[in-house]
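Biologist: Could you take me through this one, and say what each term rests on?

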Amino acid sequence: MSHAPARVGMFGGAFDPPHRAHVALARVAIDQLPLDRLYVFPTGNAWHKARTLTPAAQRLAMTQLAFAGLPQVQVDDRELRRAGATYSVDTLRELQAQHPGARLHLLMGEDQAASFTSWRDWQEIARLAVLCVAGRGTGEGVAALRALPGVRLETLQLPQMPESATEIRARLTAGQDITELVEPAVASYIESHDLYQPT
């Protein structure tokens, strides 16, 4: 009896901080695709972020806390250990080498999908992985990807979730409550480490 190739997912982000929409996306991907394993990569030196990120060790700790309830998820720190800028294509190549024959899936939000052709070696990324976009499937990002030759695309049906890391940081800076937006363990970590303090 031959086994179908494993289905492996990759989900990268700053996770500064990780919030409920991130966890919901992981859960939906595991169920809908379905994935045998989902690697979650907090990004190292994110070349496309203008602001300074919270220190890597703290983002890694928060990400581990946020995804602790999903046994299929493995939070992986290789992008944090990599020197210089980190690119998704390098990580996908490593995953392919690690899981020969696996079907790779790259999870992304609608906003990432819209800027996909600005990614380093995007044609290679599209060759290596099925692109899985969270959202309604009607957004510009999905339409842009559909128009690209050779792209394999899946849309993930997510409930509308308003939270974004930007909004969470803004609320914390304003001294507002975020308990509805992040996992309880993440909220207590943020509080105990005095992250995103009011200015």
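What follows is a short talk about terms and the values behind them.

Modeller: Ground rules: this is a predicted model, so local features need pLDDT of at least 70 and side-chain atom pairs count only at 80 or more, while totals for chains, interfaces and linings use all residues. Residues are numbered from 1 along each chain as its sequence is written, and side-chain values use heavy atoms, with hydrogens and water left out.

Biologist: What makes the protein as compact as a globular protein of its length?

Modeller: Its radius of gyration is 17 Å, close to the 16 Å that the globule rule gives for 199 residues, so it qualifies. The radius is taken over C-alpha atoms, and the rule is 2.2 Å times the number of residues to the power 0.38.

Biologist: How many helices and strands are there?

Modeller: Nine helices and six strands. These are DSSP runs, numbered from the N terminus: H or I over at least four residues for helices, E over at least two for strands.

Biologist: How do you know that β5 and β6 pair?

Modeller: Pairing takes at least two DSSP bridges, and four join β5 (residues 129-134) to β6, the two running parallel. Leu131 sits opposite Leu153 in β6.

Biologist: And what is the strand order in the sheet?

Modeller: β3-β2-β1-β4-β5-β6, an open sheet with parallel pairing.

Biologist: Why are β3 and β6 called edges?

Modeller: β3 (73-75) and β6 (153-156) each have a single partner strand, so one side of each lacks a neighbour in the sheet.

Biologist: Which residues of α4 are buried?

Modeller: In α4 (residues 88-98), Val89, Thr91, Leu92 and Leu95 are. Buried means under 20% relative accessible area (exposed is over 50%, partly exposed in between; 1.4 Å probe, protein chains only).

Biologist: What puts them on the same side of α4?

Modeller: They cover an arc of only 160° around the axis, which places them on one side of α4. That arc is the one of the directions from the helix axis to the C-beta atoms.

Biologist: Which residues touch the most other members of the largest nonpolar core?

Modeller: Leu38, Phe67 and Leu107, out of 38 residues. Such a core is a set of buried Ala, Val, Leu, Ile, Met, Phe, Trp, Tyr and Cys residues joined through side-chain atoms within 4.5 Å. α1 gives the most to this core, with seven residues.

Biologist: What does Phe67 touch?

Modeller: Leaving out residues up to four places away in sequence, its contacts include Phe11, His22, Val40 and Val75. Contact means heavy atoms within 4.5 Å.
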